[in-house]
There are 2 protein chains.
Amino acid sequence: MVETSVDCVIFGFQHEKLKVLLIKRNNEPSKGLMALPGDFLDKSISIYGSAENTLKKITDLDNIFLEQIQAFGSVDRYPGKRVITISYYALINIENYSPRAGYTAEKLVWCDIDKLPELAFDHQKIIESAHKKLKRRVRYEPIGFNLLPKEFSLTNLQQVYEAILQVELNKRNFRTKLNQMKLLINTGNKQKNVAHKPAILYKFDENMYKHLKEGGFFFKL
Amino acid sequence: MVETSVDCVIFGFQHEKLKVLLIKRNNEPSKGLMALPGDFLDKSISIYGSAENTLKKITDLDNIFLEQIQAFGSVDRYPGKRVITISYYALINIENYSPRAGYTAEKLVWCDIDKLPELAFDHQKIIESAHKKLKRRVRYEPIGFNLLPKEFSLTNLQQVYEAILQVELNKRNFRTKLNQMKLLINTGNKQKNVAHKPAILYKFDENMYKHLKEGGFFFKL
DNA sequence: TCAAAAGTGTTCGATCTACACCCATGG
DNA sequence: CCATGGGTGTAGATCGAACACTTTTGA
């Protein structure tokens, strides 16, 4: 019989870096190694629901961006028995995150996407797939916002894109493009206590997004 | 316990239309309905391998383009028991296709992507996902060639793209773009017995593709 | 000689890129 | 009044859409 698990690549953004939330394994196999949070699939729960539950259990967050990456199913990916896994990735605002009781900082770690430790099973490969998928998705769906607080500056947003895509973007052109899309609302608020011109804070315009989407609109970069 | 199946969306191109290969179900549940070819996952076979086997069994083809779409895992997608499915899509050259012995034309049918019959389980949804994925993939990876014979005209290729993307493309610009990419080799052959200027036949340049890919090249439309 | 589809030249406007510059704030 | 990062104007290059035109074949 083939067993099925569901694993989550939870992305966050902090200190201008793209991060992944990893958990230290309590049990064999691979006890003590870092791994993706996840669980075996329960007969009475959908695969999406299983990913949601894992997220809730670990980060205490509901209603967050969650999308399937793909299934991984080599015969030998898991030692001792046949286990395939279905992987999801999530985008969360790291400010809203507080680990559930019972998860110490030693157990639950935000790692830089480009400085990952040794990982259990094929989780390295899964994270690479997640990152690749995110890189593509972020260019034609406005999902980068999910990594930021409700209110953010244009520079914040640009840094998110630079961290995900691992390229430098031109400030002028990035702003022009975002302006044209009309997906941002000026909140009227500004940065405080900064030793330079304070940035205007924006929020994402959900309604405009829905409206544009119906019209077959195409977000680009 | 959760069971796992692997299903294949097999795409072909004929009469300027994008087609999907469907099979009439022999057994309950949904006996007599059209469905995607597939099988339950065997413990000793990888999920990719399972998709390959299905393809071989039905079309007698090896070595064809095959990519995972995603897993479908609603609790109630399959009647009577819990079955999740992992779906793949394949691109084949319909000219090379001949159904394996035992599969009559009544049983195995190429259907227009926009004229699908009633389908078993959630297979309609799976085909829609496959088409959506194909639409995206085809724009930044040169995979459309897989639907054509070894040698093809530029008009053939344009029709493939138009059938997949369901848009009309401008002849002049399509050709200019393809020319710039240098992915086509002029075979020196031409169409025969056509009542108009015969088209030059090209083939896909595998080596150039690998070379360009290493250099971080980006196929676009 | 005609119809049909292959294949090419060229214009115009939109978009992208790059660089230079001004602005508001804390120290 | 200076350093710092926020925010804008604009010229030039590149790209894509559209249209008109020539070419080669079978009937």
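**Stop 1: the interface between the chains**

Select chain A and chain B together: about 2100 Å² is buried between them, and carbon and sulfur atoms supply 57% of that area. Keep in mind as you go that this is a predicted model.

Now colour the residues in contact. Chain B puts in 26 residues, and chain A puts in 26 residues. On the chain B side, pick out B:Met1, B:Lys43 and B:Arg136. These three lose the most area to chain A, together 27% of what the chain B side buries.

Next, look for charge pairs. How many salt bridges does the rule find across the interface of chain B and chain A? There are 2. To see a salt bridge, select A:Arg136 and B:Glu141. Their side chains meet at 3.5 Å, N to O.

Widen the search to polar contacts. Between chain B and chain A, 13 residue pairs are in polar contact, counting pairs with both residues at pLDDT 80 or more.

Switch to cartoon view and stay on chain B. Four elements each supply at least two residues of the side that touches chain A: strand E1 (3-14), strand E5 (65-72), strand E6 (83-91) and helix H2 (123-140). Which of them gives the most? That is E5(B), with 4 residues. Colour this side of chain B by class. You should find 11 nonpolar, 7 polar and 8 charged residues.

**Stop 2: the symmetry axis**

Superpose the two chains. Chain B lands on chain A with an RMSD of 0.1 Å, after a turn of 180 degrees and a shift of 0.0 Å along the axis. The two copies are thus related as by a two-fold rotation axis. To find the axis in chain B, select B:Gln70. Its C-alpha is the one nearest the axis in that chain, 2.6 Å away.

Why can the copies be said to meet through the same surface? Because 100% of the interface residues of chain B are also interface residues in chain A.

**Stop 3: DNA strand D**

Move to DNA strand D and show its surroundings. It has 19 residues around it; the closest are A:Lys171, A:His196, A:Ile200, B:Asn173 and B:Lys197. Both chains appear in that list.

Which parts of the strand come within 4 Å of the protein? Of those atoms, 49% belong to sugar or phosphate, and the rest to bases.

Zoom in on three residues of chain A:

- A:Arg172 has a polar side-chain atom 2.7 Å from a base nitrogen of DNA strand D.
- A:Arg175 has a polar side-chain atom 3.3 Å from a phosphate oxygen of DNA strand D.
- A:Ala195 uses its backbone: an N or O atom there lies 3.2 Å from a base oxygen of DNA strand D.

Step back to the cartoon. The elements giving two or more residues to the surface near DNA strand D are helix H4 (171-181) of chain A and helix H4 (171-181) of chain B. By class, this surface has 7 nonpolar, 5 polar and 7 charged residues.

**Stop 4: DNA strand C**

Select DNA strand C next. Of its 19 surrounding residues, A:Asn173, B:Thr155, B:Lys171, B:Arg172 and B:Ile200 come nearest. Sugar and phosphate make up 49% of the strand C atoms that come within 4 Å of the protein.

Here, zoom in on chain B:

- B:Thr155 has a side-chain N or O atom 2.8 Å from a phosphate oxygen of DNA strand C.
- B:Lys171 has a polar side-chain atom 2.5 Å from a base nitrogen of DNA strand C.
- B:Lys197 has a backbone N or O atom 3.3 Å from a sugar or linking oxygen of DNA strand C.

H4 of chain A and H4 of chain B are the elements that give two or more residues to the surface near DNA strand C. The class count for this surface is 7 nonpolar, 5 polar and 7 charged residues.

**Stop 5: backbone details**

Finish with the backbone. Select A:Glu28 and A:Pro29. A cis peptide bond joins them, with omega about -5 degrees. A:Pro29 sits in the loop between strand E2 (17-24) and strand E3 (34-35) of chain A.

Now go to chain B. B:Glu28 and B:Pro29 are joined by a cis peptide bond, with omega about -5 degrees. B:Pro29 lies in the loop between strand E2 (17-24) and strand E3 (34-35) of chain B.

Last, select A:Glu16. Its phi is positive, about 60 degrees, although A:Glu16 is not a glycine. Look for A:Glu16 in the loop between strand E1 (3-14) and E2 of chain A.

Definitions and conventions. Residues are numbered from 1 along each chain as its sequence is written. Chains are lettered from A and ligands numbered from 1 in the order in which they are written. This is a predicted model: local features need pLDDT of at least 70, side-chain atom pairs count only at pLDDT 80 or more; totals for chains, interfaces and linings use all residues. Side-chain values use heavy atoms; hydrogens and water are left out. A residue is near a molecule or strand if one of its heavy atoms lies within 4 Å of it. A polar contact is a pair of N or O atoms within 3.5 Å; within protein, one must be able to donate a hydrogen and the other to accept it, and residues adjacent in sequence count only if both atoms are side-chain atoms. Ala, Val, Leu, Ile, Met, Phe, Trp, Tyr, Cys and Pro count as nonpolar, Asp, Glu, Lys and Arg as charged, and the others, Gly among them, as polar. Contact means heavy atoms within 4.5 Å. Buried area is the accessible area (1.4 Å probe) that two parts lose on being put together, summed over both. A salt bridge is a side-chain nitrogen of Lys or Arg within 4 Å of a carboxyl oxygen of Asp or Glu. Copies are superposed by least squares on the C-alpha atoms of residues with pLDDT of at least 70 in both.
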